[in-house]
Amino acid sequence: MTERLKPTCPNCDSTRLKPVTFKETFTPRGQQVVVTLLGMKCQACGHEAGTWDQHDENLKRLAARKAAYGGLLMGEEIVALRQRYGLTQQAAAKIFGKGKIAFSRYENEASYPDDGTTLMLQAAIEMPVFIKWLADRAGVELPLWKQRTKDDAAARGALRAASPVEAAPPRAFKNSASRAKPRGKTAHAAG
Ligand SMILES: [Zn+2]
């Protein structure tokens, strides 16, 4: 029974796995930030991997490093923003007025965006309409914009359904329903 619960090496199926740690170093604003990550090393074949628990713990440790970033964004936050809208690194660079390799460097934390760019990225993360505005201005299409807009609407709908306190009283519901009438019909009735 316990034998089955023992993690095995994905490479050679050995159960001779030894916990190891490794360090990742980041340098936001020139300051060294070292994160110790957990993993397993196979004593049979040398393969390095980790358990799901270690993976979760590593994600927590990586997220916690942001406290030392002085307002800068972590590489994975920039990746998440870019991928959320289905952008390539080059398309993202065009939207934010940066050079072709800028996003590759930001995402690997080989360098960090300046404070003005950080502010724009932060605004784009918090306000979807802002990245849409920037993209339109740069003439760049956001491939997943429609999908994301649908997701957000669905999320708001689910939130309303889940919290009865937020439910609108009958009168307000009636008002919003009449407001939702197609524009053309209203114009016809008025004229
Ligand atoms: Zn192995």
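1. Let's start with the hairpin made by β1 and β2 in this predicted model. Six residues lie between the two strands, and R29 in the turn has a positive phi of about 50°. Strand β1 covers residues 17–26, while strand β2 covers residues 33–42. The two run antiparallel and are joined by ten bridges. If you want to trace the pairing yourself, try a few partners across the hairpin: L17 is bridged to C42 of β2, F22 to L37 of β2, and K23 to T36 of β2.

2. Stay with R29 for a moment, since its backbone deserves a second look. R29 is found in the loop between β1 and β2, and its phi is positive although R29 is not a glycine. Is R29 buried or exposed? There are 11 other C-beta atoms within 10 Å of R29, and a residue with 12 or fewer counts as exposed, so R29 is exposed.

3. Q31 is another residue to find in the loop between β1 and β2. Q31 has 10 C-beta neighbours inside 10 Å and therefore counts as exposed. Which residue, 38 residues apart from Q31 along the chain, has its C-alpha atom 8.6 Å from that of Q31? The residue is Y69. Try drawing that distance in your viewer, from one C-alpha atom to the other.

4. Now follow the chain out of β2. Strands β2 and β3 form a hairpin as well, with five residues between them. In this turn G46 has a positive phi, of about 85°. Strand β3 spans residues 48–49, runs antiparallel to β2 and is joined to β2 by two bridges. K41, for instance, has E48 of β3 as its bridge partner.

5. Put the hairpins together and you have the sheet. The sheet is open, with three strands in the order β1-β2-β3 and antiparallel pairing. Which strands are at the edges? They are β1 and β3, each of which pairs on one side only. As background, strands of a sheet pair through backbone hydrogen bonds, either parallel or antiparallel. How many of the ten residues of β1 are buried? The count is one, so this strand is hardly covered, given that a residue needs 20 or more other C-beta atoms within 10 Å to be called buried.

6. Next, the helices. A handy general idea first: two packed helices are described by the angle between their axes and the distance between the axes. Take helix α3 (residues 75–84) and helix α6 (residues 115–126), whose axes come within 10 Å and cross at roughly 55°. Helices α3 and α6 are therefore oblique to each other. The crossing of α3 with α6 is left-handed. The residues that make the contact are E77, I78 and L81 on the α3 side, with L121, A124 and I125 on the α6 side. By type, the residues of this contact are five nonpolar, one charged and no polar.

7. One more backbone detail sits in a loop between helices. E109 is a residue other than glycine, and its phi is positive, near 60°. You will find E109 in the loop between α5 (102–108) and α6. How many other C-beta atoms lie within 10 Å of E109? There are 19, and E109 is therefore partly exposed, because a residue is buried only from 20 upward.

8. Finally, step back to the whole chain. The chain has ten helices and three strands. Reading along the sequence, you meet them in the pattern α-β-β-β-α-α-α-α-α-α-α-α-α. What percentage of the 191 residues is buried? Buried residues make up 13% of the chain. As for contacts between residues at least 6 apart in sequence, 54% of them join residues at least 24 apart.

Technical notes: Residues are numbered from 1 along each chain as its sequence is written. This is a predicted model: local features need pLDDT of at least 70, side-chain atom pairs count only at pLDDT 80 or more; totals for chains, interfaces and linings use all residues. Helices (H or I, at least four residues) and strands (E, at least two) are DSSP runs, numbered from the N terminus. Two residues are in contact if their C-beta atoms, placed from the backbone, lie within 7 Å. Axes are lines fitted to C-alpha atoms, for helices over the stretch in contact, and angles run from 0 to 180 degrees between N-to-C directions. Angles under 35 degrees count as roughly parallel, over 145 as roughly antiparallel, 65 to 115 as roughly perpendicular and the rest as oblique. A crossing is left-handed if the near helix is turned anticlockwise from the far one by less than a right angle, and right-handed if clockwise. Ala, Val, Leu, Ile, Met, Phe, Trp, Tyr, Cys and Pro count as nonpolar, Asp, Glu, Lys and Arg as charged, and the others, Gly among them, as polar. Two strands pair if DSSP finds at least two bridges between them.
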